[in-house]
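This report looks at one strand and its neighbours, and then at the place where two chains meet. Please keep the sequence and the structure in view while reading.

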Amino acid sequence: MAGSGTAHMRNNDEVVLEVRDLVVEFKIGRGLVVNAVSKVSFDVCRGETLAIVGESGCGKTTLGKAVLQLPPPKSGDVVFEGTNLTKLPKEQLRSARTAMQMVFQDPISSLDPRMTVRALVEEPLWIWERGTEEERGAKVRELLNNVGLDPDLVLNRRSYEFSGGQCQRISIARSLALEPRMLICDEPVSALDVSIQAQILNLLQDMKDRYGLTMIFISHDLAVVKAVSNRIMVMYLGKVCEVGSPDAIYSKPAHHYTSALINSVPIPDPTRKRGAVPLQGEPPSPVAPPSGCRFRTRCPAATELCAAEEPQLREVNPGQYVACHHPRT
Amino acid sequence: MSAILSIRKLVVNFETPRGLLSAVRDVSLEIEQGSSVGIVGESGSGKTVMSRAAMGLLSGSTVRREGTVMFDDKELTAMRADEVRDQFGTGMAMIFQDPMTALNPVRRIGSQLSEGPRVRLGMDKKAARARSIELLSLVRIPDPEAMLNKFPFQLSGGMRQRVMIAIALACKPKLLFADEPTTALDVTVQAQILQLLSDLRREMNMSMVLVTHDLGVVANHTDFVAVMYAGEIVEQAPTTELFSNMKMPYTEALLKSIPKIDSASGARMAVIEGRLPDPTDRPSGCGFAARCSYVQDKCRTEHPPLVDAGNGHLYRCWYPLGHTIGRK
């Protein structure tokens, strides 16, 4: 699996974010390079939620950050609302970035414990000198209300006084302060309990509707993604495996890796006995990824062709694209 | 079958500046020899404190513990700290939640792994090394000899958790406590680790307590489940019985809040609104009343007792599921 290719790109007016052939590498000394993201292309339409799914180390977080030029990618283009972010001078990039915000994985450590909730949520407005002091105060109250926190109770408290779920609500309020048009959520619920997860997922859905957001939702859990996304992109070791609608991906995954991910989700039903564990071992090192298809070392259907030639993304069903020489049928 | 661990009327309170915090309230639980028991609940439900108290791992001047814990026909609660410690390794062992911080970062895997066999089983260096290699292959680590010389930071989360399991199994414990062993891991690795634990348990005829917040995890890997809420067991039953004949609204709510792979896309998720009650100020009625969608007046004022529904199924609810009164 794991291929390049652009067959899945949609060239219509609704595309807000277009990423082409993005490459992110990290030098780790002794001439070694981590191939975190290798020639990944994708696009996101207005009002859509694109989910990026894969195991730890597949490059999904790096990809999300590279969209924001954190750090700038080695090569490739990131075009947001017609502006190529990779070509912008620093100051213009800073201001372009206010339209795109990120919600991070660990809600407790991503908030400064010395700042009050008021300061945390107001900080972006203050940095960008938006509104008068009264207007900012009103905005903070409105944001906190919208994420389900009572401003009178929380404004003067600090993040360590809150639970993980509440901290994630504060993070979301903060990310919405500048009224972004795009929200990139990096595993926003993976640090939370199941019962709180559902609350935050519903909140993100509400915020998306209320603020007309376009969203990129990064997660390792296909079950979480199912509820929130319109389109899913599965990644493995820095490459795209499969792109499609949630219904297509879940009912007939074409990539062997997608299928293994789906079969790894625990089912809360003791009468449904599980078969063998779908995937053995761990992903190979991104310092020296396998030749050809990067998934071939763990793939049940791998052949010589997979080692020799890298599969390109192609359409297997309408709207479903897979990078595999031997897709599941 | 006899019980390897039997917890009777366990109460754990902590003294805090805000008053007495009641973490575990009157918990009784039997763990049969060779069985696998799941303890399920949200953060703050008391599941971790309960399992640590049962192992005698809670100490300090602010801890108030009552009740008895019998392990392998010995009364743990009557023992001195050093006598309890002698049970660790060969009697019971624990796998902690976070494989990133549970290993010593400045000691090699080999030295951490051979400590148990050398101290508890009196093995010499050579025998302990051989045992370490055997253990690493047992937890399916490729090239175990090379692993002995590595430091924890050189390993991925899944590999560290395998090493943690190997350390816990080093002295062939009779009972293994696994506290959220897969919460910090990816789904694919989670499936591998859970399968590994189930296989090893069968091979070694070991009993296991699996502490988790995910009912999906217990469904396939336990024989018996106890659901905890606000420091109490609110429902307990054999696993198949629990899932087919759920009595407690809280268990149902927990189950519904799990994102499911076959749910409709874009559908709203079922949530449990609100939070656990304040542990320093427990409500007089049912602890779940404020969040329960079936709540009645009686629930707010009277504390429900544990009711026996037969088949080893106990629950703590005035209006259990399947009951006609108060159903919407």
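The text below begins with a strand of chain B and then turns to the contact between chains A and B.

The model is a predicted one, and the description starts with strand β3 of chain B, which covers residues 36-40. Because five of the five residues of β3(B) are buried, this strand is largely enclosed by the rest of the structure. The cover is found on both faces of β3(B), since S36(B), G38(B) and V40(B) are buried on one side, while V37(B) and I39(B) are buried on the other.

Which strands pair with β3(B), and over how many bridges? The table sets out the two pairings, each with one pair of residues that face one another.

| Partner of β3(B) | Sense | Bridges | Residue pair |
|---|---|---|---|
| β8(B), residues 207-212 | parallel | five bridges | V37(B) and V209(B) |
| β9(B), residues 224-229 | parallel | four bridges | V40(B) and V227(B) |

Both residues of β3(B) named in the table, V37(B) and V40(B), are thus also among those that are buried.

The second topic is the contact between the chains, where 36 residues of chain A are in contact with 37 residues of chain B. On the side of chain A that touches chain B, the helices α7 (194-211), α8 (222-228), α9 (246-251) and α10 (256-264) each supply at least two residues, and α7(A) gives the most, with six residues. By kind, the residues on this side of chain A divide into 20 nonpolar, eight polar and eight charged.

How values were computed. Residues are numbered from 1 along each chain as its sequence is written. Chains are lettered from A and ligands numbered from 1 in the order in which they are written. This is a predicted model: local features need pLDDT of at least 70, side-chain atom pairs count only at pLDDT 80 or more; totals for chains, interfaces and linings use all residues. A residue is buried if 20 or more other C-beta atoms lie within 10 Å of its own, exposed if 12 or fewer, and partly exposed in between; C-beta atoms are placed from the backbone. Two strands pair if DSSP finds at least two bridges between them. Two residues are in contact if their C-beta atoms, placed from the backbone, lie within 7 Å. Ala, Val, Leu, Ile, Met, Phe, Trp, Tyr, Cys and Pro count as nonpolar, Asp, Glu, Lys and Arg as charged, and the others, Gly among them, as polar.
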